[in-house]
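Hi,

Here is the structure I said I would pass on to you. Have a look at it first, and then read on for what turned up in it.

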Amino acid sequence: MSVRANKDTFESEINEAGKLVIADFYSDSCVPCRRMSPLLAETEEEDPEGIKLVKLNINFDGETAQKYNVTSVPTLVFFKDGAEKARLTGAVKKSQLSETINSID
């Protein structure tokens, strides 16, 4: 189940997960973001032991988005052990998402 993070919880969510974290930087008014949401939820449900989905709304936590150099939405940032491993910007297909996940050891 995805976690909605904010500036106070984001760091702990990515650093203490103990598994791959997909940070979804989104906006409620972003149509591609809304289209990506079910795909991300499905991806997390397929591997709940290996993937954690953390969602951060940039309209409410722009400071955190800025800290991670997120300039457009949707942006997916992949973290493992608290370190950024990959990044995808814009709406992506499931195959591209899976390929990125599989490329992270």
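Let's start with the charges: the protein carries 13 positive and 18 negative ones, and the mean positions of the two groups are 5 Å apart. Keep in mind as you read that this is a predicted model.

Now for the overall build. How many helices and strands does the protein have? There are 4 helices and 5 strands, and along the sequence they follow the pattern β-α-β-α-β-α-β-β-α. The radius of gyration is 12 Å, close to the 13 Å that the globule rule gives for 105 residues, so the protein is as compact as a globular protein of that length. If you would rather picture a box, the C-alpha atoms fill one of roughly 30 × 30 × 20 Å along the principal axes.

A few totals go with that picture. Of the 105 residues, 43% count as buried. The protein exposes about 5,900 Å², and carbon and sulfur atoms supply 45% of that area. Then there is the question of who touches whom: take the contacts between residues at least 6 apart in sequence, and 67% of them join residues at least 24 apart.

On to the inside. The largest nonpolar core has 15 residues, and those with the most contacts inside it are I22, L40, L76, F78, L97 and I101. Which elements each supply at least two residues of this core? They are strand 2 (20-26), helix 2 (31-46), strand 3 (51-57), strand 4 (75-80), strand 5 (83-89) and helix 4 (94-103). Helix 2 gives the largest share, 3 residues.

I22 is a good residue to click on here. Leaving out residues up to four places away in sequence, I22 touches L40, I51, K52, L53, V54, L76, V77, F78 and I101. There is also a second, separate core of 14 residues, which includes V54, L56, Y68 and V77. So when you look at the contacts of I22, you will find V54 and V77 among them, and both of those belong to the second core.

V54 is worth a closer look too. You will find V54 in strand 3, and at 0% relative accessibility it counts as buried. Its contacts, again without residues up to four places away in sequence, are V3, A5, F10, E13, V21, I22, A23 and D24. V54 and F25 are 29 residues apart along the chain, and their C-alpha atoms are separated by 8.6 Å.

Next, T43, which sits in helix 2. Is T43 buried or exposed? T43 has a relative accessible area of 6%, and buried means under 20%, so T43 is buried. Beyond residues up to four places away in sequence, T43 touches I51, K94, L97 and I101. Two of these names, L97 and I101, you have already met in the list of residues with the most contacts inside the largest core.

K80 makes a nice contrast. K80 has its place in strand 4 and counts as partly exposed, at 26% relative accessibility. Not counting residues up to four places away in sequence, K80 touches K85, I104 and D105. What separates the C-alpha atoms of K80 and V21? The answer is 6.3 Å, although these two residues are 59 residues apart along the chain.

Finally, some backbone oddities. Most residues other than glycine have a negative phi, and most peptide bonds are trans. Here are the places to check against that:

- The peptide bond from V73 to P74 is cis, with omega near -5 degrees. P74 is in the loop between helix 3 (62-67) and strand 4.
- N69 is not a glycine, yet it has a positive phi of about 55 degrees. N69 lies in the loop between helix 3 and strand 4, and at 59% relative accessibility it counts as exposed.
- D81 has a positive phi as well, near 55 degrees, and is a residue other than glycine. You will find D81 in the loop between strand 4 and strand 5, exposed, with a relative accessible area of 68%.

Happy exploring!

How values were computed. Residues are numbered from 1 along each chain as its sequence is written. This is a predicted model: local features need pLDDT of at least 70, side-chain atom pairs count only at pLDDT 80 or more; totals for chains, interfaces and linings use all residues. Side-chain values use heavy atoms; hydrogens and water are left out. The radius of gyration is taken over C-alpha atoms; the globule rule is 2.2 Å times the number of residues to the power 0.38. Buried means under 20% relative accessible area, exposed over 50%, partly exposed in between (1.4 Å probe, protein chains only). Contact means heavy atoms within 4.5 Å. Accessible areas come from the Shrake-Rupley method with a 1.4 Å probe; for residues, only the protein chains shown count as cover. Lys and Arg count as positive and Asp and Glu as negative; His and the chain ends are not counted. The place of a charge is taken as NZ of Lys, CZ of Arg, CG of Asp or CD of Glu. A nonpolar core is a set of buried Ala, Val, Leu, Ile, Met, Phe, Trp, Tyr and Cys residues joined through side-chain atoms within 4.5 Å.
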